[in-house]
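Me: I have a structure open and I'd like to learn how to read its cavities and its ligand site. Can you walk me through it?

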Amino acid sequence: MKHLLASIALTALATPLAAAEVASPDGRLVVEMNVDGGGVPFYRVLRDGEEVIAESDLGFTFSDAQTMRRNFVVESEARASHDGTWEQPWGERRFVRDNHNELSVTFRESRDNSDRALTVRMRVFDDGIGFRYELPENPAQPVYNIAEELTEFHIAKPGTAWWIPSGDWNRYEMVYQETPVDAVSVAHTPITMRLEDGTHLSFHEAALVDYSGMWLRRMEGQRFRAMLAPSSRGAKVVRTGAFNTPWRTIRIGDAASDLVESDIDLNLNEPNKLGDVSWVEPAKYIGIWWGMISNRWTWGTSERHGATTARAKKYIDFAAEHGFRGVLIEGWNIGWDGNWFDNGREFSFTQDYPDFDLEEVAAYAKSKGVRIVGHHETSGNIANYEKQLGDGLDLYESLGIDWIKTGYVADAGGIVTCNADISVPCDEDTELFEWHDGQRQVQHHQLVIEEAAKRKIAINPHEPVKDTGLRRTYPNWVAREGARGQEYNAWGPFNNGPEHDPTLVYTRMLSGPMDYTPGVLDLKGENDVPIASTLAKQLGLYLAIYSPIQMAADFIESLAAHPKELEFIKAVPADWAESKLIAGEVGDYAIFARKDRNSEDWYLGGVNDATERTLELPLDTLEPGVTYTATVWKDGPDATYLTEKRHEIAYETLTLTAEDSYTVRLAPGGGFAMRLVPRE
Ligand code: NOJ
Ligand code: CA
């Protein structure tokens, strides 16, 4: 039957085949799939009848088999539609609608000596598309050794792109570049674009499981091609038998808010596999952290050692007094002395330093109703970590520690492993080096998440692989870093620049929650270097950069010295019923309205770039007919990130309803935050 269909399709090749088409539920997006004259499968995306993605090729090359590209015919097509709503255990919004039309096209190779097939499953939503390859089991190619994916993204019109380079030493921790689309080189995803006709696009991937992360390499003009993160084993991806690739996603909208509010990547992930996850509690935390980052304390042994029993108790007292759930403690375990970021071989995940007693501190925390946030820095040595993973997790579990921040500080391409088989013991002579987003590291993250879930522990990796929506499947994957965080502000004046935060909202944040660590209220890093932020912006960050675990990153003395700001940080939720971007442009500013998941309160606020601006904000997201008491933290009249006036903040209390608007001045490098509580 297969062959009959193939030959029918082959005959049809002489005359052009009618393209298979699928439209979004609202009809505005149409995707075509077909093969070209050479039998190369391709797709094309139209919006309101105009091309957004021009003909873009699909296919693979292998390290040990013929390229899958030419000589394909359309063998069959299948259609489906879905409209449903699912509930998130925590997140930016409680309910997520998944409304899409689906078209799967199976392409079959028509060479004499081969019998290979390739299915492309395409889902079209009102706010974008996602497609993946499905490769069947094939006795002639039992193992797919993928050298490269040939997926193209041919952007039909010129525009501007916001992006960071991939394959660079610093992983994802770079300031974003804003360039013409045709000046991008090789970029990480999400990469965001605004075309000259105003169309907003963002390219990313969903459900990156047992595969290499996708980079986008510009081939010529506005034509990009997937480039998979390399592997030390030759083929970039090795898969046995039938498998599906991650989904390649394109968010498409008229406005920046369409990108920010889109849930297509979550919708393309598998539902929760962990069952009851009520033990994953969104909350806020403080930590023994900024002291080491800003070089006042040390991770390792010294007179300035940060993680001492005495200091931990002081932080626990502060957390208990102010209602913070967690206290992060870094540098408690043996292995930090010397050049800890060099190889990670010395890290123990069970032994504490002599001046720190983990059992005593955990018992003290328990007596105060506070949770320790555990820490596992690996310096990218996953061989060493995987050997101790069970013991390290067991220890934390036994002490009631249910969040762990992990870390993979190593140059990109410097993850130390030994063998694809993680059970094989390894030493220096057998070390292999992998990428933070190569298949081996993707497998590693999954192992950690699954082992942690067995022990009801939530994980927050720094220097991670990028987020691709897997929190839907594994809701204990609460946040990650995966971008340039607040920590850079400790290391040089204006290190992140005022536009960094409003750029993150439209780029990195499209992939999922980030542990950005807001709340450095004294606005100073190492040697008192200034941060490119006003005081109000540090509060606005809690609304602009979502995470279910939000840190108040500053020293507790500094938090205590800002009682009014601390009042906001204590109140602001880390879990929302609804989230809307009510004003914003990519890279310029971002103002959100978010509704608390556990009360009727709303919060408004966000962050600005270097340009002073006054915004009149609509309040029509509020509940109609309800009168709110609004408390505002905003930039003082002369506030600017450029001078000591960055500390100038103003407060006001207002009465507001959904029919009102609210006018606010955002300082250069400024921001604001507002809490709206319904009147009795
Ligand atoms: C880099 C992380 O981003 C930071 O948060 C952490 O404190 C250090 N690595 C040490 O693990
Ligand atoms: Ca980092």
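Reply: Sure, starting with the largest cavity: it holds about 280 Å³ of space. A cavity here is a set of points on a 1 Å grid over the protein atoms alone where a 1.4 Å probe fits but cannot get out; points are joined across faces, edges and corners, and the volume is the space filled by probe spheres set on them. This is a predicted model, where local features need pLDDT of at least 70, side-chain atom pairs count only at pLDDT 80 or more, and totals for chains, interfaces and linings use all residues. Residues are numbered from 1 along each chain as its sequence is written, chains are lettered from A and ligands numbered from 1 in the order written, and side-chain values use heavy atoms, leaving out hydrogens and water.

Me: Which residues line the largest cavity and are closest to its centre?

Reply: Lining residues have an atom within 4 Å of a point. There are 23 here, and Glu92, Val260, Arg471, Met509 and Leu510 are the closest to the centre.

Me: How confident is the predictor?

Reply: Look at pLDDT, its confidence in each residue, from 0 to 100. The protein's mean is 95, and 96% of residues reach 70 or more. Residues 1-17, though, have pLDDT below 50. Where pLDDT is low, don't read the predicted coordinates in detail.

Me: And which residues are closest to ligand 1?

Reply: Near means a heavy atom within 4 Å. Of the 14 residues around ligand 1, the closest are Trp289, Glu330, Glu377, Lys405 and Glu487. For polar contacts, look for N or O atoms within 3.5 Å: a polar side-chain atom of Glu487 sits 2.6 Å from a ligand 1 oxygen, and for Trp289 the distance from a side-chain N or O atom to an oxygen of ligand 1 is 2.8 Å.

Conventions. pLDDT = per-residue confidence, 0-100. Contact = heavy atoms within 4.5 Å. 1 Å grid on protein atoms, 1.4 Å probe; cavity = no way out; pocket = protein on both sides within 12 Å on 5 of 7 lines; lining within 4 Å. Polar contact = N/O pair within 3.5 Å; in protein donor to acceptor, adjacent residues only side chain to side chain.
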